[in-house]
Amino acid sequence: MKTSAPQSAAQANKADDIAATSPIYPLLLAEFAVQRDQPDLAYRQYQLLAEKYRTPELAEQASYLAQYLGNAEDLSKSAQLWHDISPDSRVASNLLLDSLFQTKQYAEVFSTLNKFDWRSNNAMYSLLLGRVEQLDQGDIEAFAQALRPQLQQHPRNPFYHLSTALIARHQLRWQGAEDEVNEALHLAPSLQQAIVLKADLLFRQRKFTETTRFLSQANKAHPSPQLQDMLARAYLADNKAKKALPVLQSLIKEQPDNLEARFTLGRTQIQLARYKDAQNSFLELWDMAPNRSPVAFYLGYLAELQKDQDSAIDYYQQVTRGDELITAQSRLIVLLSGNGQDDQIPAMLKQARKNNPDQAAQLFELEAEWQSKKLDYAAARQAYDEALKLDPNNPQLLYNRAMLGDKDGNLEAMIADLEALVALEPDNAQILNALGYTLTDRTTRHNEALQLLLKAHTLQPDDPAILDSLGWVYYNLQRYDEAEDYLTKAYGAFPDPEVAYHYGAALWQQSKPDQALRIWRKALRSKPDYSPIRDIMEQYGVQP
């Protein structure tokens, strides 16, 4: 509902005066304000009435209105009143705790909690843990200061140990976190929150075998769907899909409407090459899932595995949004192209961009790659241009468009894109190398290239591609001793034909023709049609 314009000071004062003398008028005014979508006025009246008459119904209404209005201070005031009137109300206490966290009154949080035994108020203490998990970095220390004396005064409250563990986890103090969780488990071995947090700590540290061992024992002693779900995920993270499978099947038997577990089961069956079982799992999900896109993606993938291209196309076309969209569109391009249906691809991508503007740049990139494979470089460049309008500082897009310049002969555009990349990522050795090599190989800007390549070499001194580029720029600067030195290292690490071409050229200039010919002829045996080597051998009048 919409909030009305604030009342004038005169109106507010008049309402206060009447409220002080007549209990009926403010109640009618409050109800009327609710009906007229004036929650601020309704809250004011209910709060005045609750303070005066101290009935839980009025305090409850004021609290919910304050919560609706989103004013943390008003909520704290109303919830405190409700809690004072009805100290046994868990709803009032939970709302009060929530408001105290919002207003960062951490000492008051514990004053409220300590009125309740943790054994019979699990939900309230669980709210504490949930709020601790949501604390910002700046609030962690303030909360920790309020928590420390509570832990000393109530050392047998496992929830205070778990809160301390959450803070330690936030600060990546893994051992400290584990110690606190172990103490909580010592105090309350069956406490679900402690079991879950210990498993989480082990999992985050990638101790997957230890995680599965702990969860297996915990699930036998205190079985629950949450522990089964965590156990299955831990098995999968530990590359033990076969062990995850029966856990997932058991979980689904207990919770047949658990769509996430069904989805994980289908993917696990794919991982185990049980494709028919996976297909059945996803077909069952088809009628259950509110969002069919991820289900359609895997059904399309399974249809492809079965060489059923028509079904694969049909399913992929039903992936209309989400994380799987780009991959589904990519597969559709391959399948439609293979079926001679290229004419459908531009309209398909256009519709996908219309429906998913947040992924439009990636979809333009797909179109550019497809056009480039068709050797339609002009259309590919246009698609990259559109993608970069949407995401101008995307390094991958800039690099891909730069490499397109190598194909369509647009050297100026290629260099401009590489220079833009260097400006974006000045310490990226691979980009420095790409620009430096292009400048020395395709232009006369050898001194600029040298500075770029020296920086790249400093960043990655053993990279054979950078060693090759440095050798080549020294060759072009006629500094043949240095060229030979770097190219010897490059060739020793990566003796491909291009490096062999550069290395042989440097050896030739160093009056070592026999070595150069041996290097070149060896490269031609692996790649007989490599023209740069054939051309330079012809230039020097020697036979391949």
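The following legends describe close-up views of a predicted model.

**View 1. The largest nonpolar core, centred on F143 and its contacts.** This core holds 75 residues. Within the core, L113, L128 and F143 touch the most other members. Beyond its neighbours within four places in sequence, F143 is in contact with F101, Y106, F110, L128, V132, L135, S163 and I167. L128 therefore appears twice in this view, as one of the three core residues that touch the most other members and as a contact of F143. A separate core of 60 residues lies apart from this one, and its members include A368, A402, L421 and Y530.

**View 2. R401 in helix α24 and its surroundings.** Helix α24 covers residues 395-408. R401 has a relative accessible area of 16% and is buried, because the cut-off for burial is under 20%. The side chain of R401 makes a polar contact of 2.8 Å with the side chain of D417. Neighbours within four places in sequence left aside, R401 is in contact with R381, Y384, D385, L388 and D417.

**View 3. Helix α26 and the helices it packs against.** The 14 residues of α26 reach 20 Å from first C-alpha to last, close to the 20 Å expected at 1.5 Å a residue. Eleven of these 14 residues are buried, so α26 is largely enclosed by the rest of the structure. The buried residues are A429, I431, L432, N433, A434, L435, G436, Y437, T438, L439 and T440. They pack against α24, α25 (411-424), α27, α28 and α30. At the start of the helix, a side-chain oxygen of N428 comes to within 3.0 Å of the backbone nitrogen of Q430.

**View 4. The largest pocket and its lining.** The volume of the pocket is about 380 Å³. Its lining consists of 18 residues, and N433, A434, Y437, T438 and E498 lie nearest the centre. Two or more lining residues come from each of α24, α26, α28 and α30. The most come from α26, which gives six. N433, A434, Y437 and T438 are also among the buried residues of α26.

**View 5. Helix α28, from D463 to Q478.** Helix α28 runs over residues 464-476 and has 13 residues. From its first C-alpha to its last it reaches 18 Å, close to the 18 Å expected at 1.5 Å a residue. The helix is mostly covered, with ten of its 13 residues buried. These are I466, L467, D468, S469, L470, G471, W472, V473, Y474 and Y475. Their cover includes α26 (429-442), α27 (446-459), α29 (480-493) and α30 (497-509). At the start of α28, a side-chain oxygen of D463 reaches to within 2.8 Å of the backbone nitrogen of A465. Just after the helix, Q478 takes a positive phi of about 65°.

**View 6. Y235 in helix α14 and its contacts.** Helix α14 spans residues 225-237. Y235 counts as buried, because its relative accessibility of 11% falls under 20%. Apart from neighbours within four places in sequence, Y235 is in contact with T212, S216, K240, A241, K243, A244 and V247. R213 is 22 residues from Y235 in sequence, and the two are 9.8 Å apart in space, C-alpha to C-alpha.

Methods:
Residues are numbered from 1 along each chain as its sequence is written. This is a predicted model: local features need pLDDT of at least 70, side-chain atom pairs count only at pLDDT 80 or more; totals for chains, interfaces and linings use all residues. Side-chain values use heavy atoms; hydrogens and water are left out. A nonpolar core is a set of buried Ala, Val, Leu, Ile, Met, Phe, Trp, Tyr and Cys residues joined through side-chain atoms within 4.5 Å. Buried means under 20% relative accessible area, exposed over 50%, partly exposed in between (1.4 Å probe, protein chains only). Contact means heavy atoms within 4.5 Å. Helices (H or I, at least four residues) and strands (E, at least two) are DSSP runs, numbered from the N terminus. A polar contact is a pair of N or O atoms within 3.5 Å; within protein, one must be able to donate a hydrogen and the other to accept it, and residues adjacent in sequence count only if both atoms are side-chain atoms. The expected span of a helix is 1.5 Å times one less than its number of residues. On a 1 Å grid over the protein atoms alone, a cavity is a set of points where a 1.4 Å probe fits but cannot get out, and a pocket is an open set with protein on both sides within 12 Å along at least five of seven lines; lining residues have an atom within 4 Å of a point. Grid points are joined across faces, edges and corners, and a volume is the space filled by probe spheres set on the points.
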